[in-house]
Amino acid sequence: MKKILTLGALALALFSLNSCSQKSEMDRFIDDLMGKMSVEEKIGQLNLHSMGFRSSAALTDDNATVKALKEGQMGALYGFGGSPETMRQLQDFALQGPHGIPLIFGMDVIHGYQTIFPVPLAISNTWNTDLVEKYARVAAKEATAGGINWVFSPMVDICHDARWGRIVEGAGEDPYLGGEMAKAMVYGYQGHDDVFDETEVLACVKHYALYGAAEAGRDYNTVNLGRQEILNNWMRPYADAAAAGAASYMSSFNEFEGIPASANHYLLTELLRDTYGFDGFVVSDATAVQEMVAHGIGDLQEVSARALQAGLDMDMNSDGFVGTLKKSLDEGRVSIKDIDKACRRILEAKYKLGLFEDPYKYIKGERTDEIFSEENRALAREVAQESQVLLKNSGILPLSKDAKIALVGPFADNASDMSGAWAMSARASDNVTILQGIREALEGHKGTVSYAAGSKATAQPIGGGFGVGFTRNEGRQNANAKPQPTQAQMVAEAVAIAKRSDVIVACVGEPNAMSGEGSSRADISIPEIQQEFIAALKDTGKPIVLVLTTGRPLTIVWEDENLDAILNTWALGTEAGHAIADVLFGDANPSGKLTTSFPREVGQLPLYYNHKNTGRPHPDYDPYRKFTSCYMDVINAPLYPFGYGLSYTTFEYSGLSLSSDSMPMDGKVTVSVNVKNTGKYDGKETVQLYIHDVVSTSTRPVKELRGFKKIFLKAGESQTVTFDLTAEDLKYYNHALEYVCEEGDFEIMVGPNSRDTETVLLTVK
Ligand code: NOJ
């Protein structure tokens, strides 16, 4: 044992020595390069523009980007799906610049490159960090095979308000879970070390910071939170991503404490660098520098100078840095040190990617067969199975493969809306529709499926733009070729099919365009036209399984009360139809659990399980009582709480215990609980551990997630699940913003979701 330790220590010492010498080699290289660069060229490195990478048709000598590249006025480009040939041409231009500095190629690879995985909110419902890392690995492999070496992901913004359309891009409402997901994604994209092979990309953690706290869920809106609150409940995922070694961050559009994030020194420098130890580069969100003029803190020159000094390194699409920093330098508004610092960080990223050694490392076009491979699709199917959340089941699910199924609804045979928001390289024609998935599943069985769309998704077409999700829609080019039936005719057709069937599977919800950027909603119910359609189906008296497509939690109280089963599928990507059929027929047992509370009424928002108690607390499920903290017209409880999700089997929890009732500050206790699969199906269960600090110097949430384990149990099998707790897990930021564990009692709660927990008491001395 002793010998092994000694060898281990030696290896560690050699490794650190090696990374030390690599560091100084990098420093020497960059010192030398920067010593030769003009100020203009250094500022050029801080400039990022977007452009299409698919075609080189526009790359003529008078093209502004081509000119900028040749003059060394562009540090990176980002675009929409790559053609390595075009990217090679662009790289050639960059190498013609004064010192031939290679470009970084970025892209919004948000939930997969061409093999589209479920939307990030759905993926967080897996609570399976191993799977999440694997998925991000595949996304990186495909993106790099397409020439991309920088992905604008993970999006780690916590959100308490389902009105915000971008809730679809994150991991929900909990900072601990968000942090675990952030780490898994960074590891998947970048690997576990500092060295980038040709399948690894720079991650870009966004949107830094607090973008998900936009007031009233209105996109880009003001954030109004205090420092203690953000440190305790919002910042953890950003900090965890830095600890995992994330190479870059993207500053957000919103303000914090009256200063837009892109010029906020507290966020960009004091927290991100000085506290979280981040040492990569920060890029602004698109036009965020320019937008600070509208925020009202100065003209483009002033906001650019402020951004640089606050710690922003790269300006996306504003031309603020490239257009004004030289002037600011001449006028003494910024220093050459400020410019050098930012330039060095970007050059360091290029060095780490290996671009100085081989600028064409990622754009050789040799690995394109790794894109959209069978293997990648198989993983997408597995992730899509685990992302689904069974919200209600009267027992009708799983369906028999001998059943006569009426498959109806605007999402039943809809390829493009399976992609979800922000799927830039997706091709709608690659997506498996629910109808296709069910047909394949029924092959060789007695069951049948009859299909009718039955309803439009929305009464009026929805405005396009970024919310649409960028899915190329080749599959539906001929949609307008023949006259469209009226809504009444569509409903009648579906009802007729339903009447002849054993069960109705109604595929309803939100199209892609209703979530994502710039897609906030004040009413988060299923669009009215579809509600009327569901009511017509209900009148048939046939059992109804609701298959929900959505980018956000929806208000579905009526559906919960009136329908037989609800399967929330979010938007599951390429393999949606297969994965949904897998779950509907029980070939996969659903195991997803919500990472966002589902409100009963939009008026409950913001709504989150880790809220505080108030001085007049009101039990979540009690009816209205005057002068307590509640509503007159709805109970406080969400419809479905954080952590909730059903399975086709049942799990029984028993014997919650601690290895000791008390713990010294430097000690450890083990929490144990027995979990038994008491049903007929094998299944996965996510065991969740929450804490509550009973008395503390500042008020604390009623419950906070501090651990989870996803286990697999065969029918009848049991397992003892354990969690180790130390004072580190019980710490929080007190009023003086010190990160402390305070002595006293803590409730330790374990259960299948945030509502149904058992409690034991732990005293920290
Ligand atoms: C704006 C979005 O907020 C951000 O998420 C995205 O990465 C950039 N645009 C680039 O497309």
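**Briefing: a sheet, a ligand shell and a threonine**

Thr686 stands opposite Lys710 in strand S21. The model is predicted. Thr686 and Lys710 belong to a pairing of S20 with S21 that is antiparallel. Three topics follow: the sheet around these strands, the ligand site, and Thr574.

**The five-stranded sheet**

- Five strands make up an open sheet with mixed pairing. Their order is S18-S26-S25-S20-S21.
- The edges are held by S18 (662-663) and S21 (704-713). Each has a single partner strand, so one side of each lacks a neighbour in the sheet.
- S20 covers residues 683-693 and pairs with S21 over nine bridges. One opposing pair here is Thr686 and Lys710.
- S21 is an edge strand, yet seven of its 10 residues are buried. The rest of the structure therefore largely encloses S21.
- S25 (residues 744-751) and S26 (residues 758-764) also run antiparallel to each other, with seven bridges between them. Within this pair, Glu747 stands opposite Leu761 of S26.

**The ligand site**

- The ligand is surrounded by 13 residues. The closest are Asp108, Arg166, Lys206, His207 and Asp285.
- Sorted by class, the shell holds seven nonpolar residues, five charged residues and one polar residue.
- The Asp285 side chain places an N or O atom 2.5 Å from a ligand oxygen.
- For Arg166, an N or O atom of the side chain is 2.6 Å from an oxygen atom of the ligand.
- His207 likewise has a side-chain N or O atom 2.6 Å from a ligand oxygen.
- On its own, the ligand exposes 300 Å². The protein buries 97% of that area.

**Thr574**

- Thr574 sits in a loop. The loop runs between strand S16 (565-568) and helix H20 (576-584).
- Its relative accessibility is 0%, so Thr574 counts as buried. The cut-off for buried is under 20%.
- A polar atom of the Thr574 side chain lies 2.6 Å from the backbone nitrogen of Ile116.
- Ile116 is also among the contacts of Thr574 when neighbours within four places in sequence are set aside. Gln114 and Thr115 are on that list too.
- The other contacts of Thr574 counted this way are Phe372, Arg377, Asp430, Asn431 and Val432.

Note on methods:
Residues are numbered from 1 along each chain as its sequence is written. This is a predicted model: local features need pLDDT of at least 70, side-chain atom pairs count only at pLDDT 80 or more; totals for chains, interfaces and linings use all residues. Side-chain values use heavy atoms; hydrogens and water are left out. Two strands pair if DSSP finds at least two bridges between them. Helices (H or I, at least four residues) and strands (E, at least two) are DSSP runs, numbered from the N terminus. Buried means under 20% relative accessible area, exposed over 50%, partly exposed in between (1.4 Å probe, protein chains only). A residue is near a molecule or strand if one of its heavy atoms lies within 4 Å of it. A polar contact is a pair of N or O atoms within 3.5 Å; within protein, one must be able to donate a hydrogen and the other to accept it, and residues adjacent in sequence count only if both atoms are side-chain atoms. Accessible areas come from the Shrake-Rupley method with a 1.4 Å probe; for residues, only the protein chains shown count as cover. Ala, Val, Leu, Ile, Met, Phe, Trp, Tyr, Cys and Pro count as nonpolar, Asp, Glu, Lys and Arg as charged, and the others, Gly among them, as polar. Contact means heavy atoms within 4.5 Å.
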